[in-house]
Amino acid sequence: MTPEQISAFQAGSSTKPADVNLLFLSLLCAALFMWAAWVCLRGYRAFAAGSISLRQLGGQVARTVLLLLVTFWLVLS
């Protein structure tokens, strides 16, 4: 952003663009962690009910963690 755009943004919102960026990245990370916890909990409940095997549960958790890592790498770099 140019200095004029930054000053206009600060005048309109009374905050810095970097602070808004940090807020949105934090909300995205929190939502992704909540989604991953939901997926793992659903997988565990299915395992406890006997619907899936331990190997399937491990694969599901591994895919979820891998997806989180790739998403964080793409978004936070």
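**Exercise 1. How many helices and how many strands are there in the protein?**

Let's start with the overall fold. This is a predicted model, so please read every value below as computed from it.

Step 1. Count the elements: the protein has three helices and zero strands.

Step 2. Put them in order. Starting at the N terminus, the elements run α-α-α.

**Exercise 2. Compare the radius of gyration of the protein with that of a compact globule of 77 residues.**

Step 1. Take the reference value: a compact globule of 77 residues would have a radius of gyration near 11 Å.

Step 2. Take the value for the protein, which is 19 Å.

Step 3. Add the box. Along the principal axes, the C-alpha atoms fill roughly 60 × 20 × 10 Å.

Step 4. Look at burial and surface. Buried residues account for 12% of the 77 residues. The accessible surface is about 5,900 Å², and carbon and sulfur atoms hold 70% of that surface.

Step 5. Finish with the contacts. Of those with a separation of 6 or more, 43% are between residues 24 or more positions apart.

**Exercise 3. Find the residues of the largest nonpolar core, and say which element gives the largest share.**

Step 1. List the members. The core has five residues, namely Cys-29, Leu-32, Ala-36, Leu-68 and Phe-72.

Step 2. Assign them to elements. Two or more residues come from each of α2 (17-49) and α3 (54-76).

Step 3. Find the largest share: α2 gives three residues to this core.

Step 4. Zoom in on one member. Leaving aside residues up to four places away in sequence, Phe-72 touches Cys-29, Leu-32, Phe-33 and Ser-77. Cys-29 and Leu-32 are also listed in the core.

A bit of background helps here: in soluble globular proteins, nonpolar side chains tend to be buried together.

**Exercise 4. Explain why Cys-29 and Cys-40 do not form a disulfide.**

Step 1. Recall the cut-off: the two cysteine sulfur atoms of a disulfide lie within 2.5 Å.

Step 2. Check the distance from Cys-29. Its closest cysteine sulfur belongs to Cys-40 and is 16 Å away, so the two are too far apart for a bond.

Step 3. Check from the other side. For the sulfur of Cys-40, the closest cysteine sulfur is in Cys-29, again at 16 Å and too far for a bond.

Step 4. Compare with the full search, which finds zero disulfides in the whole structure.

Step 5. Describe the surroundings of each cysteine. Cys-29 is buried, with a relative accessible area of 17%, whereas Cys-40 is partly exposed at 26%.

Conventions
Residues numbered from 1 in each chain as written. Predicted model: local features only at pLDDT ≥ 70, side-chain atom pairs only at ≥ 80, totals over all residues. Heavy atoms only, no water. Buried < 20%, exposed > 50% of the residue type's maximum accessible area, 1.4 Å probe, protein only. Core = buried A, V, L, I, M, F, W, Y, C linked by side-chain atoms within 4.5 Å. Helix = DSSP H or I, 4+ residues; strand = E, 2+ residues; numbered from the N terminus. Contact = heavy atoms within 4.5 Å. Rg over C-alpha atoms; globule rule 2.2 N^0.38 Å. Areas by Shrake-Rupley, 256 points an atom, 1.4 Å probe, with all protein chains shown as cover.
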